[in-house]
Structure formats: structure tokens, C-alpha cells
Amino acid sequence: MNLDEIVDNIILKTGDDYEKCVLFMVGCLALIPKPIPPVGIKSIDIATKFWLKNQVDDAQLEKARIACWHYLDSHCASTNIEESKFCAIRAIICVLYSNNPSSYSDNDELLDCFFDMLISTNKNTEQLITELTILAKTF
């Protein structure tokens with residue numbers, strides 16, 4: 001299975017349901033290789049608490065998203081999609097919205113961006129796609 005097929009598979013399973021789409025992406029965050037900058041680790045925790053445990057509110061999700069963008073801006077990396085640590089932060093940002101951000105027309109676009117960033121974090125693309133395929137089948 002290739003990346004496009006994985007995205008298509010997830011779109012079929014989630015349809016237009018933004019929450020289901022994000023829940024899948026949250027499950028994929030474990031595939032981001034370490035080390036992750038501290039702001040990323042904290043933001044994954046906030047996303048997990050919001051999406052899986054209902055322990056934080058929208059404001060904390062937004063605060064984590066702003067912290068991630070601040071991290072990228074402070075490293076002059078808001079458009080850097082080459083370095084793994086910056087791609088990891090951008091992938092994490094994808095799950096830090098309580099509603100689909102207006103910059104994405106639908107879940108397809110959001111998933112494409114997320115997977116592009118996730119793949120950019122990992123040098124072993126084949127292994128990552130294998131792991132994503134397994135996650136997609138169990139979702």
C-alpha cells in the first residue's frame with residue numbers, strides 16, 4: 001500500500017467526520033521518531049488529553065498550537081519542511097485544532113498534509129508506510 005492508498009482508505013473510513021480523522025492522526029503520532037522538541041512532547045500530551053481523554057478544553061489545545069507555531073517561528077522554520085524536527089512539529093499542529101481549520105477544505109487535504117509531514121520525520125519511509133498500513137487496517 002502506498003501513501004495515497006492509505007489516505008484514501010482513511011477517508012473512506014472517516015468520511016467527513018473530522019473527529020474520526022483526527023483520532024487516527026493522534027494514533028499515528030507515536031510513529032514520529034525521537035527526539036522530539038519539548039514543545040512537541042507537551043503538545044502530543046495535550047492532544048491526547050483533548051481527543052482521547054476529554055481532560056483539557058479547546059483553550060489548552062489552542063495554547064499548545066500557538067506554542068508550536070512560536071517554536072517554529074523562533075527557529076525561522078515556519079515554512080521549513082525539510083528538517084525532521086520541524087516536520088514533526090507541523091504534523092503535531094494538525095491535531096491541535098478542535099474543528100477542521102479553514103486552511104484545509106476537507107479531511108483529504110488535512111490528512112495529506114499530516115502524512116507528508118509524518119513521512120518527512122522518518123528516514124525509513126518503507127517501514128513507516130508499513131506501520132501506517134497496519135494502523136489503517138485496525139482503525
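**A note on the negative patch and the overall fold**

1. Let's start at the surface: Asp-4, Glu-5, Asp-8, Asp-16, Asp-17, Glu-19, Asp-106, Asp-108, Glu-109, Asp-112 and Asp-116 form a negative patch. A patch takes residues with over 30% relative accessible area and no salt bridge, and like charges are joined within 9 Å. A salt bridge here is a side-chain nitrogen of Lys or Arg within 4 Å of a carboxyl oxygen of Asp or Glu. Asp and Glu count as negative.

2. Two elements give two or more residues to this patch: helix 1 (3-14) and helix 6 (107-120). Helix 6 supplies the largest share, four residues.

3. A word on the model: it is predicted, so local features need pLDDT of at least 70 and side-chain atom pairs pLDDT 80 or more, while totals for chains use all residues. Residues are numbered from 1 along each chain, and side-chain values use heavy atoms, without hydrogens and water.

4. Now pick out Glu-5, which sits in helix 1. Is Glu-5 buried or partly exposed? Glu-5 is partly exposed, as its relative accessible area is 42%; buried means under 20%, exposed over 50%, and partly exposed lies in between (1.4 Å probe, protein chains only).

5. Next, the fold. The chain has seven helices and zero strands; helices are DSSP runs of H or I with at least four residues, and strands are runs of E with at least two.

6. Finally, the whole chain. The radius of gyration, taken over C-alpha atoms, is 14 Å, which agrees with the value near 14 Å for a compact globule of 139 residues. The C-alpha trace spans about 35 × 30 × 25 Å along its principal axes, and buried residues make up 47% of the chain's 139 residues.

Notes: Patch = residues over 30% accessible without salt bridge, like charges linked within 9 Å, V, L, I, M, F, W, Y side chains within 5 Å. Areas by Shrake-Rupley, 256 points an atom, 1.4 Å probe, with all protein chains shown as cover. Charge placed at Lys NZ, Arg CZ, Asp CG, Glu CD. Rg over C-alpha atoms; globule rule 2.2 N^0.38 Å.
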